[in-house]
Amino acid sequence: MSVAGVEGRDQHGNTTFLIASENEPDQEPKKEGMKNAGDMRTGEEEHEEEDDDEEYYSPPERQIVVGICSMTKKSQSKPMTQIMERMCKFEYITVVIFPEEVILNEPVERWPLCDCLISFHSKGTNERFPLDKAVEYAKLRNPLLINDLKMQYYIQDRREVYRILQEEGIDLPRYAVLTRDPDRPEECNLVEGEDQVEVNGEVFPKPFVEKPVCAEDHNVYIYYPTSAGGGSQRLFRKIGSRSSVYSPESSVRKTGSYIYEEFMPTDGTDVKVYTVGPDYAHAEARKSPALDGKVERDSEGKEIRYPVMLTAMEKLVARKVCLAFKQTVCGFDLLRANGHSYVCDVNGFSFVKNSMKYYDDCAKVLGNMVMRELAPQFHIPWSIPMEAEDIPIVPTTSGTMMELRCVIAIIRHGDRTPKQKMKMEVRHPLFFELFEKYGGYKSGKLKLKKPKQLQEVLDIARLLLAELGQHTDCEIEEKKGKLEQLKTVLEMYGHFSGINRKVQLTYLPNGQPKASSEEEEGPKEGPSLLLVLKWGGELTPAGRVQAEELGRAFRCMYPGGQGDYAGFPGCGLLRLHSTYRHDLKIYASDEGRVQMTAAAFAKGLLALEGELTPILVQMVKSANMNGMLDSDSESLTDCQQRVKARLHGIMQKDQDFTEADYEKLAPTGSPSLVNSMKIIGNPVRTCDKVYALIQSLNSQIRKRLEDPKSANLQLYHSETLELMLQRWSKLERDFRNKSGRYDISKIPDIYDCVKYDTQHNSTLGLEDTLELFRLSRALADIVIPQEYGINTSEKLDIAQAYCLPLMKKIQLDLQRTHEDEAVNKLHPLWFRYSRGVMSPGRHVRTRLYFTSESHVHSLLSIFRYGGLLDVVKDQQWKQAMDYLGAVPELNYMTQIVIMLYEDNNKDPSSEERFHVELHFSPGVKGCEDEEKIPLGFGFRPASAENQEKQTNQGSLEDLSEDEPDRALPISEVNSIRRSPLIRNLKTSSMEVLSEASSSSPGYSSKGTSYRLFPTCSRQSSEIKPPGLGFEGCSMVPSIYPLETLHNSLSLKQVDEFLNAVCEDSSDAHAKTMKALSALFDTSSQGYGQTPTYPPPRALSSSESPVRTHAHPPGYCSASPSTVSSAGPSTHNSVNQ
């Protein structure tokens, strides 16, 4: 039994563990606190070696010994080793591993002693685990059992598993048992037909499943009907890359006992659920072995598994399974079919593979369980920690502690490539045939995104180009240049994806009138189709980093989110999510960049691993229903069309803006808008300058192309100089028409491109790009926000058209869960809502809506102008409105966050019972030339300490005195990456004090910001050393922290406001339109449709107008904390 090995010693030189030489080469080495049986005393040795201090060292405190009794393949596997290493970090826990030879060959009296036993049945290399001996040992020593041993007999028999599941009321597929036992002939009635089987009177039409009753037998067969070709799929335990094979055999097996069950039509995936106690479950999905039998493996040869969100009902099922089978650590299989979830197998003791988060959680849950049960018994000084997820109490920004009940966030997508668009009128019969084929005549519009559809458009373009080449006099009306561009764009990337390209066709009964410089000829008679090709607008690597980092930062809003456990900041949220108390739904519009942003955010929020595509498929819901998150930019409201026409007319005046123009364009007095108008002065002269700068830029790019050294230069995101020249040349052609008038609708596209190149391609060193950026930004700051309404009435009218469905959904989210999960219902203002905080149905509900700029602008307009609060009577709301007026741009990752709290100390019927907070962030910070930016007021609870710091803080007029937020040098990124987030308990606020801010030169305490989000910086894994000319080497721009707009709203206030906004919207719309019709200049009619514009940029605060106002107690302004990332730099711009 003695083992030779390497000794480990503590700081006093005492032996604390032995790394045994019995370890096999391919097994994980044991770490401190883990011992083999040879290192520990057995029962018979206990009294023989009491005086031999040199042979065995006993720690000064009584240690709780956790014994691992299983076959070597399991006890020394990577998951077991990782989890036990973490358990050994508990001060009073020691782990001992029972060697396989002891388990098999020694009597239980000679097995090592332990206080807690983790033992489970499995098959070893040559022999099976002796479960009988383990039961005998448990009876002899009476240790705490993590997994009940006697129940493991039942788990080995599928008949018993199904019986227990049925008794617990857990859904499982319809089944019947065929037992071939001479003593029980009544259970062996089998009638086989061509396409069905009858078992003991129960009929199962094909397809059906045939499972051996022995759970150790993995030879499961699925029989197919003759209409599908017949035969059977034969499943087996994985061998290499195969898990099943097809067989032409259609007859069921004639020997052995089996369970026959209904085949459940899933989406080709199986869900594997792993519990650690009744209140924790981790779920993963894998490709079903019944699908094609090929095991999907990653580059390291491991089976690919995808993250899965369990529904509330599935979480309750996991709890039931864990308790019914008395297996703390337990794995089981779920089938999702027909809107329900069915348990089809219970595996007993089972670990997740290759998930560090699971290893951390499992060790923590098991360690606390052991200490809770045994520490009092052995008089060990250990207090049960209050788990953050047990009672989700968090500090509010008003300084009180309340239970967090609901988080709703509306978030704009991340950094993307410039969106590009080409329009052409087509009349060829092939286009009309395609339009009819996909049902375009039903609505007069057609959107083509699927690979097959795009291929058909490409085929038509190729055919027409071939005809043009053969017959120069043919009557094909499509222009060759645009057909060439159509062909080139569709052939990009070598494959089709609706994420980065789409074609829209619109039926024009009388053709298209001449609308821009692109149309060289007059209109032709007869119907035509307007073909709009859109490409670009893809989420960049920088955008992915931004979204993932923001997801990580969001954790701090949740119980335990301010802590840092095992290297995972905000681990409280991760445990909250896995312990069933987090009801999370993620919605995204149908734009690829929006969906990928949602997936990246989810990856950061929940510490998921792997690529974004499987996360997107499994976790993000497409919300293109009733226009909740999508909008058709080609179908603008009448009000918005008229607003754009009026805006277009004002911007075409060749004179400096007059006082009348200020009243027309900026009736709300927005500081950012007024500032932009001052910069522009004369809009036509400014457009002249912009046009000249674009010409200069194109000339510089052409010269670079002629230089052999630059010909093959690759820009950010694999763009080439040729593609960059195409972008800018098209803008040069389109911005000014032949008559010399400027197309104002192209201003957002110009700003889009120059912002992208300034941030991502600055290494080219092109001259005057910053001047072009400054001027186009000022123009865009007028065009973009004002297209969503110039005066208050217009803003509300357009906002309702865009986001009324979203507002209704938000109202439902605050009142109750809109889905059909009864256990999640939050019915505010009713007593039944306030069940005990420990009840299984008590959830923190999170709803995340990822969308485009139009919805963010519109939703913010409703909150600002819809009458939520009176700025005259509410000083805090006035401060918030002043701040929003100074924000010049709703940039990438802009967030509007609504948080619902419950004060359990208030009467359930009181309005004060439910507390709502409204927060906002303008998203990503702007370009490097922006030295000053508007700051919010970073609300902090009032306290004696705080009163001294209130002097003249938080005012917009003092922006010039604030220090600019600087990008962190690469060398500083890693120094604060793992900084703890510290909660200031003295004031119950969420004060963030990073190590960098308190110790690094240049970071004074005055710079601390009291906002909802902490400082956090991260270097992108995609960052490359300077000079490589690929994905870029600049910092990913940081994200502004959330600013509190209001923190003392009652739920009744918010509910009544949302109800007023949502009800009678059609009547309100009609009245608004009637009132507005007299305001529009008839001369502006006839102005054509213009595309949706990109976001405005952030102006220098030094250019902002001065506004003076008072400040309520508790406000302070400081340089903002950031959610900063290092990696490829971001481009900004349009969205939708």
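Where is the place of Arg-405? In this predicted model, Arg-405 sits in strand β23, which covers residues 401–412. Its relative accessibility is just 1%, so Arg-405 counts as buried. Arg-405 also has company: a network of salt bridges links Glu-403, Arg-405, Glu-902 and Arg-913. And here's a nice case of sequence and space telling separate stories: Arg-405 and Arg-845 are 440 residues apart in sequence, yet their C-alpha atoms are 6.2 Å apart in space.

**How far to trust the model**

Let's check the confidence before going on. The average pLDDT for the protein is 75, and 68% of the residues score at least 70. Two stretches to watch are residues 473–478, with pLDDT below 50 and 15 contacts in the model beyond near neighbours in sequence, and residues 515–521, also below 50, with 14 such contacts. Where pLDDT is low, the predicted coordinates shouldn't be read in detail, so take those contacts with a pinch of salt.

**Salt bridges**

Side chains of opposite charge can pair when their charged atoms come close. How many salt bridges does the structure hold? The count is 43. Here are three of them:

| Pair | N to O distance |
|---|---|
| Glu-456 and Lys-437 | 3.0 Å |
| Arg-847 and Asp-583 | 3.1 Å |
| Lys-1052 and Glu-911 | 3.2 Å |

Take Glu-456 and Lys-437, which meet through their side chains. Glu-456 belongs to helix α11 (residues 451–470) and Lys-437 to helix α9 (residues 429–437), so this pair ties together parts that are 19 residues apart in sequence. Glu-456 has 19% relative accessibility and so counts as buried; the cut-off for that label is under 20%.

Next come Arg-847 and Asp-583, again joined by their side chains. Arg-847 is in strand β32 (residues 844–851) and Asp-583 in strand β30 (residues 582–588), so the bridge ties together parts that are 264 residues apart in sequence. Are these two residues buried or exposed? Arg-847 is buried, at 0% relative accessibility, and Asp-583 is buried too, at 5%.

The Lys-1052 and Glu-911 pair links distant parts of the chain, 141 residues apart: Lys-1052 lies in helix α30 (residues 1051–1062), while Glu-911 lies in the loop between β33 (895–902) and β34 (914–921). Lys-1052 is partly exposed at 34% relative accessibility, and Glu-911 is partly exposed at 41%.

**Helices that cross**

Helix α30 turns up again in a packing with another helix, α24 (residues 792–815). Their axes come within 10 Å and cross at roughly 145°, and the crossing is left-handed. Residues making the contact include Leu-804, Met-807 and Leu-814 of α24, and Val-1054, Phe-1057 and Leu-1058 of α30. By class, this contact has 10 nonpolar, four polar and two charged residues.

What about helix α25 (residues 853–865) and helix α26 (residues 875–886)? Their axes come within 11 Å and cross at roughly 145°, and α25 passes α26 in a left-handed crossing. On the α25 side the contact uses Leu-860, Phe-863 and Arg-864, and on the α26 side Trp-877, Met-881, Leu-884 and Gly-885. Sorted by class, that makes five nonpolar, one polar and one charged.

Note on methods: Residues are numbered from 1 along each chain as its sequence is written. This is a predicted model: local features need pLDDT of at least 70, side-chain atom pairs count only at pLDDT 80 or more; totals for chains, interfaces and linings use all residues. Side-chain values use heavy atoms; hydrogens and water are left out. Axes are lines fitted to C-alpha atoms, for helices over the stretch in contact, and angles run from 0 to 180 degrees between N-to-C directions. Helices (H or I, at least four residues) and strands (E, at least two) are DSSP runs, numbered from the N terminus. A crossing is left-handed if the near helix is turned anticlockwise from the far one by less than a right angle, and right-handed if clockwise. Contact means heavy atoms within 4.5 Å. Ala, Val, Leu, Ile, Met, Phe, Trp, Tyr, Cys and Pro count as nonpolar, Asp, Glu, Lys and Arg as charged, and the others, Gly among them, as polar. pLDDT is the predictor's confidence in each residue, from 0 to 100. A salt bridge is a side-chain nitrogen of Lys or Arg within 4 Å of a carboxyl oxygen of Asp or Glu. Buried means under 20% relative accessible area, exposed over 50%, partly exposed in between (1.4 Å probe, protein chains only).
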